[in-house]
There are 2 protein chains.
Amino acid sequence: MAQKDAAVHAAIHDPFWGSRIKTVRTQMIPYQWEALNDRIPDAEPSHCIKNFRIAAGLEKGNFEGFVFQDSDLAKWMEAASYTLLSHPDKQLEETLEEVAALIASAQQPDGYLDTYYIINGLDKRFTDLRDHHELYCAGHMIEAAVAHHEATGSKTLLRVARRLADCMERNFGPEENRLRGYPGHEVLEMALVRLHEATGEKRYLKLAAYFINERGQAPLYFAGEAEKNGKRCHWEDGPLGLQYYQAGKPLRKQEDAEGHAVRAVYCYSGAADVARLYNDESLKAFCRRMWESITRRRMYITGGIGSSDYGEAFTYDYDLPNDTVYAETCAAIGLVFFAKRMLALEKRGEYADVMERALYNGVLSGMSLDGQSFFYVNPLEVVPEACEKDQLRRHVKPTRQKWFGCACCPPNLARLLASLPRYAYEAEKNCVFVHLYLGGQLQANLPEGQISFELSCNYPWEEEIRLRVTGCEVKNPVTLALRIPGWCRSYRATVNSEAINEKPKEGYLYLTRSWQTGDTLSLSLDMPVECIQANPVVREDIGKRAVMRGPLVYCLEQADNGPGLHRLRLGSDPQFTARFEEETLGGVTVLCCEGKKLSDAGWEDGELYRPQEAEKYESFPLRFIPYYAWANRGVGEMSVWVRQ
Amino acid sequence: MAQKDAAVHAAIHDPFWGSRIKTVRTQMIPYQWEALNDRIPDAEPSHCIKNFRIAAGLEKGNFEGFVFQDSDLAKWMEAASYTLLSHPDKQLEETLEEVAALIASAQQPDGYLDTYYIINGLDKRFTDLRDHHELYCAGHMIEAAVAHHEATGSKTLLRVARRLADCMERNFGPEENRLRGYPGHEVLEMALVRLHEATGEKRYLKLAAYFINERGQAPLYFAGEAEKNGKRCHWEDGPLGLQYYQAGKPLRKQEDAEGHAVRAVYCYSGAADVARLYNDESLKAFCRRMWESITRRRMYITGGIGSSDYGEAFTYDYDLPNDTVYAETCAAIGLVFFAKRMLALEKRGEYADVMERALYNGVLSGMSLDGQSFFYVNPLEVVPEACEKDQLRRHVKPTRQKWFGCACCPPNLARLLASLPRYAYEAEKNCVFVHLYLGGQLQANLPEGQISFELSCNYPWEEEIRLRVTGCEVKNPVTLALRIPGWCRSYRATVNSEAINEKPKEGYLYLTRSWQTGDTLSLSLDMPVECIQANPVVREDIGKRAVMRGPLVYCLEQADNGPGLHRLRLGSDPQFTARFEEETLGGVTVLCCEGKKLSDAGWEDGELYRPQEAEKYESFPLRFIPYYAWANRGVGEMSVWVRQ
């Protein structure tokens with residue numbers, strides 16, 4: 001597939017991601033289209049297209065589905081548009097154009113667009129910003145419009161988006177007679193920046209900045225709104241309060257990542273965009289603070305975020321329970337968004353490290369290998385019986401579900417994977433950044449001309465990465481900035497077989513040359529199996545290790561290791577063998593070592609407690625698979641963290 | 001205090017329990033009386049006495065408080081009555097008689113008594129047996145009446161109880177024109193058996209048996225009732241369903257202890273009573289099955305039961321989370337009730353072992369050392385920050401509360417402790433059983449006369465127990481049956497300084513002699529400190545140890561060991577010193593050993609995850625206190641299970 005962002009055009013031919021991106025294009029997009037049209041037998045209908053048809057006056061009926069149902073269609077359009085960049089598809093393009101026209105016909109004369117309120121009564125619009133998602137739906141519609149325009153050149157949806165943004169701009173802001181509100185679920189902020197960047201229209205950026213700056217200012221908008229509409233805040237009595245929406249205090253006064261995790265990272269992403277474009281130091285400081293709060297104190301090793309089912313939210317520092325976790329797929333996706341924007345702010349490898357961590361683990365685990373079923377919740381430890389019989393763990397599912405009543409994760413996955421090159425590569429002045437190692441043909445349009453190269457690798461299974469320059473119009477030196485992942489403790493790099501002298505700076509190896517066609521850059525990232533430990537303040541991981549190789553977090557599954565995973569131990573110095581198995585889980589490198597298992601000899605009489613006797617550990621072969629591939633072989637226990 | 005049950009009269013002079021029983025008498029009973037009269041400043045009013053006055057027509061007003069508010073008064077009366085046995089108190093006796101008269105004046109002409117329905121409309125009575133607790137309140141009133149009668153000879157409340165039981169008997173049963181219902185919260189079953197034993201009236205036993213046998217029979221009464229009153233079952237969609245009430249299937253078809261833990265053990269207690277009096281083998285088998293389910297698969301080491309806050313209920317086998325636990329004080333109390341009744345069925349030391357385990361740990365932890373504040377939930381691991389910020393742990397409180405809106409635990413504690421001798425001693429034919437070691441003067445009225453002795457001990461701190469016969473009217477041999485606790489791996493017993501030959505049978509040492517005044521029986525129960533391990537199938541305790549000495553479970557507290565208890569380890573062979581500290585926590589034996597603590601050296605930069613490096617454990621002195629005494633020195637972490 002081919003894509004462009006900033007100035008990098010990429011045609012991905014990657015052994016790892018290629019097939020997944022193809023799955024998105026050939027399976028998920030068509031499947032989701034059927035779902036949006038309520039044509040999946042035995043699945044809860046989406047009502048999505050139907051709501052638009054009713055709103056456009058083409059059908060009679062009531063609004064049905066969640067208040068944010070419109071966003072599903074927008075996310076689908078965005079993902080579908082991305083796929084067109086690499087795989088022109090006349091029929092899909094026509095479908096998209098038809099949908100764009102349908103949406104346009106539902107749009108109100110003043111630009112307003114939200115089928116819930118169009119169908120249920122426009123007099124109620126903007127009266128429940130806190131919970132009713134109309135600004136959220138607007139955000140996704142705008143993202144879809146820009147993607148649709150970029151992919152097809154069509155302005156049908158872009159016009160809708162501009163009229164919608166104009167409508168928002170007329171209704172919100174500090175000016176008199178405008179509402180001083182902001183989204184209850186963030187995303188519009190990012191979308192407005194994107195629309196600004198696509199159209200050059202400053203007002204959209206200004207509106208985004210207004211939303212970011214206004215959020216949580218006194219008097220609290222959501223408190224006033226609740227007083228008017230009489231709708232109590234569901235989170236009022238719990239530990240979250242209005243911080244569930246990141247709206248309890250101004251962003252610049254917020255010290256920790258708090259509240260609903262998806263909302264939070266969407267909020268911080270928008271803030272990073274605004275901070276970058278306004279060069280706003282206090283907002284940058286806020287973004288860095290939130291980044292640190294998440295990645296140093298509130299993030300699972302998988303890149304999952306949101307420790308608690310309650311509010312799908314952050315809890316407190318170092319509270320990272322593996323079994324009652326939420327770690328929504330969309331939250332990991334949102335962390336990828338945030339990382340990308342922090343990279344746009346400043347080039348620090350840690351941003352790309354977390355982006356990679358989330359992508360290869362907590363995001364990818366959200367979908368099955370066949371791309372047809374999905375996790376909302378991505379636990380790091382599962383006992384199927386608990387998911388069934390313990391209310392605290394009932395939100396954790398041991399199997400992926402076909403589709404969801406609240407279907408936010410699958411289309412979000414689709415749009416992320418379909419636009420993956422935008423996260424992997426970036427051109428800035430005379431520099432081409434490689435943040436993630438995806439194989440493919442790349443053309444970077446730099447100010448002085450194009451440089452193109454081919455990146456080949458079998459990442460994350462193999463250590464070798466090769467960049468071959470396939471063309472360079474730029475006469476002056478061009479910098480290729482290759483990320484040296486944080487997990488990588490030693491590497492070798494050569495240019496045309498000669499060792500290089502450059503040392504990495506903030507996680508990137510900057511190689512500045514007058515590149516010639518045929519120049520070959522080789523990078524070998526050592527990928528030993530590593531036993532990872534968590535900071536000792538993390539209670540839930542104490543005495544345990546997680547196994548990683550390269551960017552991949554591994555796990556034990558019952559399918560390989562039998563039941564009772566908690567009885568297994570790694571031992572203090574496990575010797576791993578890493579072997580790529582073509583036939584296993586779509587082709588994965590499996591890690592094996594000799595571990596040990598606590599025997600239950602002596603417990604035959606079924607006592608529950610007894611005085612200590614010498615414990616018997618028996619030698620036991622442990623077999624680890626990549627975390628993202630868990631739950632593809634039936635129901636069973638799974639565990640990322642293993643006792644040492 | 002002096003008490004009699006079956007045929008044992010005991011005047012307790014016990015260094016451990018004596019002061020606690022005194023606290024009940026001098027602190028809790030007067031405090032609770034004030035609470036029942038809404039005279040505690042800053043506390044939620046109980047409304048209890050007020051409701052009775054309104055029901056009796058002495059005041060105007062609405063019913064207020066929980067639907068089971070009447071039971072608080074009954075529990076208080078029961079506890080207060082027990083204290084009169086050992087400490088005659090004219091004023092308290094008069095108060096009790098006045099309250100009994102008040103209750104009698106609220107009772108309806110047909111014997112019905114429940115202030116909620118008397119005040120709100122009798123037409124609705126018996127329409128919501130599932131949730132409205134009128135049979136529960138009746139049960140507690142009957143228990144109070146029998147205790148009041150035994151202590152004072154007054155028949156005022158006993159008459160109320162008989163009329164109330166008669167009313168129940170006319171309304172419930174398999175006969176035509178009676179309701180085929182049963183209590184939504186069990187306790188009436190036990191109470192009816194007690195009333196039967198106090199009055200000799202067979203009908204009460206028969207009604208208890210009916211409730212036990214009818215429970216969960218098809219068609220399900222609660223399902224039919226819900227259909228009639230349109231009240232959905234709160235537990236319907238969760239894992240509990242009608243088993244929350246132990247009412248989803250007939251008891252004899254139930255395989256595991258399920259549902260609300262307090263209800264469950266109250267139910268099984270009633271079933272054990274009925275099984276004993278009817279000599280019903282299938283019901284005995286049910287009781288043994290539930291006993292095994294609890295004590296071998298679903299009980300905390302503290303005797304706490306109910307793994308989940310959701311429904312305050314059992315979950316599934318070996319699911320014993322230490323931090324999200326419920327382990328309600330009343331559930332541990334109920335387990336003591338159940339154990340006593342299993343002992344009445346058959347003399348097996350394991351029943352008394354569990355009774356002792358619960359009493360000294362999960363029951364006693366429910367009250368502060370000063371007897372003025374109380375836990376509902378008795379966790380085995382606490383991190384105060386989690387109690388505040390994590391919704392899953394918000395039901396766990398790091399400090400005991402003064403009084404409760406739902407005040408079931410404190411009066412339940414009071415009535416249990418005030419009647420403790422009934423659990424410690426039992427006479428059966430020519431045998432006197434000592435189930436628990438409480439010091440005091442005992443008189444057992446055996447068929448052939450009285451035997452009296454003095455039991456002196458400093459249990460559970462010291463190993464020595466001495467029984468001196470102070471009088472014996474029985475000419476034939478009498479058996480003294482002394483429990484050899486399950487935790488005790490070696491002991492020495494002598495009679496008049498001569499070693500004995502008898503070996504324990506099912507946990508009891510049966511010593512049959514023609515006892516003479518002055519005969520002295522010495523028993524020394526070795527009490528080394530033991531590191532206890534849980535069955536390897538218990539995930540939450542894997543790799544951990546609990547420290548016990550005698551019947552006491554110990555714990556680490558932040559007050560002694562600093563924060564970050566999870567970073568501590570016991571080591572594989574800890575050498576403990578046990579020292580009684582008069583000044584600590586009201587006088588406790590403190591256990592100390594050299595353990596180790598995981599250093600956070602090398603983590604100064606605040607990373608969350610990193611490749612394994614050699615962990616540094618530093619030698620660290622561990623100090624353990626008895627679990628029951630935790631949370632008496634301010635807010636802090638606590639943990640029972642410690643990594644090895």
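User: How many residue pairs are in polar contact across the interface of chain B and chain A?

Analyst: The rule finds 29 such pairs, both residues at pLDDT 80 or more; a polar contact is a pair of N or O atoms within 3.5 Å, and within protein one must be able to donate a hydrogen and the other to accept it, while residues adjacent in sequence count only if both atoms are side-chain atoms. The model is predicted, so local features need pLDDT of at least 70 and side-chain atom pairs 80 or more, whereas totals for chains, interfaces and linings use all residues. Residues are numbered from 1 along each chain as its sequence is written, chains are lettered from A in the order in which they are written, and side-chain values use heavy atoms, leaving out hydrogens and water.

User: Why is the pair Arg393(A) and Glu540(B) called a salt bridge?

Analyst: A salt bridge requires a side-chain nitrogen of Lys or Arg within 4 Å of a carboxyl oxygen of Asp or Glu. The closest N and O atoms of Arg393(A) and Glu540(B) are 3.7 Å apart, therefore the pair meets the definition. Across this interface the rule finds 8 salt bridges.

User: What makes strand S14 of chain A and S20(B) a pair?

Analyst: Strands, DSSP runs of E with at least two residues, pair if DSSP finds at least two bridges between them. S14 (residues 529-534) of chain A and S20(B) have 3 bridges, in the antiparallel sense, so they qualify. Within S20(B), Tyr609(B) is the bridge partner of Ala534(A).

Notes: Helices (H or I, at least four residues) and strands (E, at least two) are DSSP runs, numbered from the N terminus.
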